[in-house]
Amino acid sequence: MDLKNYVEFKGTKDGLVLLLNETSDFESIKRQLIERLEKAKNFFEGAKVKSIQGKLLSKNEEDEIIDIINNKYGMIMVREEIKSSAAEKSKIEVFEGLEEGITKFVNSTLRSGTKIEFEGNLVIIGDINPGAEVRAHGNIVVMGVLRGIAHAGANGNRKAFVTALKLIPTQLRIADYIARSPDSNIFNPKYPEIAFIKNDMIVIEPYLTKKR
């Protein structure tokens, strides 16, 4: 993405993806978003936005972006439709795989002190260092080394899982179950692993492409 293009829309068969430049400040992103939507009101009105990707936003910043596209320009944030549907059914949304439910991608290594929470699946393209923490209502996938804290199924979803290229967390939680890595320095997996609940406990197994 060009540095001057703080905001881009990418079309997919399921709706638009809003791409935000990772190195730009939030005010510049917001200003350019409004300018682009203002110039093409008729085109964007009623369009579905399936996800917001790129720059890591705070909860308040994300809410502000959603307010702009939903309330000011008549676009539809798919995430809010899912929330509404779940509320009408009065039951917990269960995520059994990345193809189900909304998914947030974070393209960076998370350093100590970083905390990310999301009401869906989380995919971290990078490492999670000690002192960093991620929480998701759905599954957590780490395309790197998980050394920090990970809590999948944070809304009570016991079907959630955590997987990483190297799974050596400070603490691992799925729903209301807690596990820790062995204290031994010898423990150093050489292959991707997946953690999930089985027989009322968290088990960790080598990750296989076939379904459990």
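Which residue follows H3, and what is the sign of its phi? Gly74 comes after the helix, and its phi is positive, near 70°. Keep in mind as you look through these views that the model is predicted.

**View 1. Helix H3, end to end.** H3 covers residues 59–72, which makes 14 residues. At 1.5 Å a residue the helix should span 20 Å, and its end C-alpha atoms sit 19 Å apart, so the two values agree. Some of its residues are tucked away: Glu62, Ile65, Ile66, Ile68, Ile69 and Asn70 are the buried ones. Past the helix you meet Gly74, the residue with the positive phi.

**View 2. A salt bridge inside H3.** Asp63 and Lys59 form a salt bridge, with their closest N and O atoms 3.0 Å apart. Both belong to H3, and they are 4 residues apart, about one turn of the helix. How open is each partner? Asp63 is partly exposed, with a relative accessible area of 32%, while Lys59 counts as exposed at 54%.

**View 3. Lys30 and Glu64, a link between two helices.** Here Glu64 forms a salt bridge with Lys30, and the closest N and O atoms are 2.5 Å apart. The pair ties together distant parts of the chain: Glu64 is in H3, Lys30 is in H1, and 34 residues separate them. Is Lys30 buried or exposed? Its relative accessibility is 16%, and the cut-off for buried is under 20%, so Lys30 counts as buried. Glu64, at 31%, is partly exposed. Lys30 also touches Ile68. Add Glu27 and you get a network of salt bridges linking Glu27, Lys30 and Glu64. A search of the whole structure turns up 7 salt bridges.

**View 4. The four-stranded sheet and its helix.** This open sheet runs in the order E1-E2-E3-E4, with mixed pairing. E1 and E4 (76–77) stand at the edges with a single partner strand each, so one side of each has no neighbour in the sheet. H1 packs on this sheet, touching E1 and E2, and its direction makes about 55° with that of E1. Zoom in on E1 (residues 7–12) and E2 (residues 15–20): they run antiparallel and are joined by 6 bridges. The two strands form a hairpin with 2 residues between them. You can pick out bridge partners too, including Phe9 with Leu18 and Thr12 with Gly15.

**View 5. The six-stranded sheet.** Now we move to an open sheet of 6 strands, in the order E5-E7-E9-E11-E14-E15, again with mixed pairing. Why do E5 and E15 each have a side without a neighbour in the sheet? E5 (103–106) and E15 (201–206) stand at the edges, each with a single partner strand, so one side is left free of a neighbour. From one strand to the next, the twist averages 25°. E5 and E7 (residues 121–124) pair in the parallel sense over 4 bridges. Val106, for one, has Ile124 in E7 as its bridge partner.

**View 6. Two nonpolar cores.** In soluble globular proteins, nonpolar side chains tend to be buried together. The largest nonpolar core here has 28 residues, and Leu122, Val134, Ile140 and Val162 touch the most other members. Leu122 has plenty to look at: among its contacts are Val106, Ile116, Val134 and Ile140. A second, separate core has 20 residues, including Val7, Phe26, Ile29 and Ile65.

Methods. Residues numbered from 1 in each chain as written. Predicted model: local features only at pLDDT ≥ 70, side-chain atom pairs only at ≥ 80, totals over all residues. Heavy atoms only, no water. Pairing = 2+ DSSP bridges. Axes fitted to C-alpha atoms, helices over the stretch in contact; angles between N-to-C directions. Buried < 20%, exposed > 50% of the residue type's maximum accessible area, 1.4 Å probe, protein only. Contact = heavy atoms within 4.5 Å. Expected span 1.5 Å × (residues − 1). Core = buried A, V, L, I, M, F, W, Y, C linked by side-chain atoms within 4.5 Å. Salt bridge = Lys/Arg side-chain N within 4 Å of Asp/Glu carboxyl O. Lists of a residue's contacts leave out its neighbours within four places in sequence.
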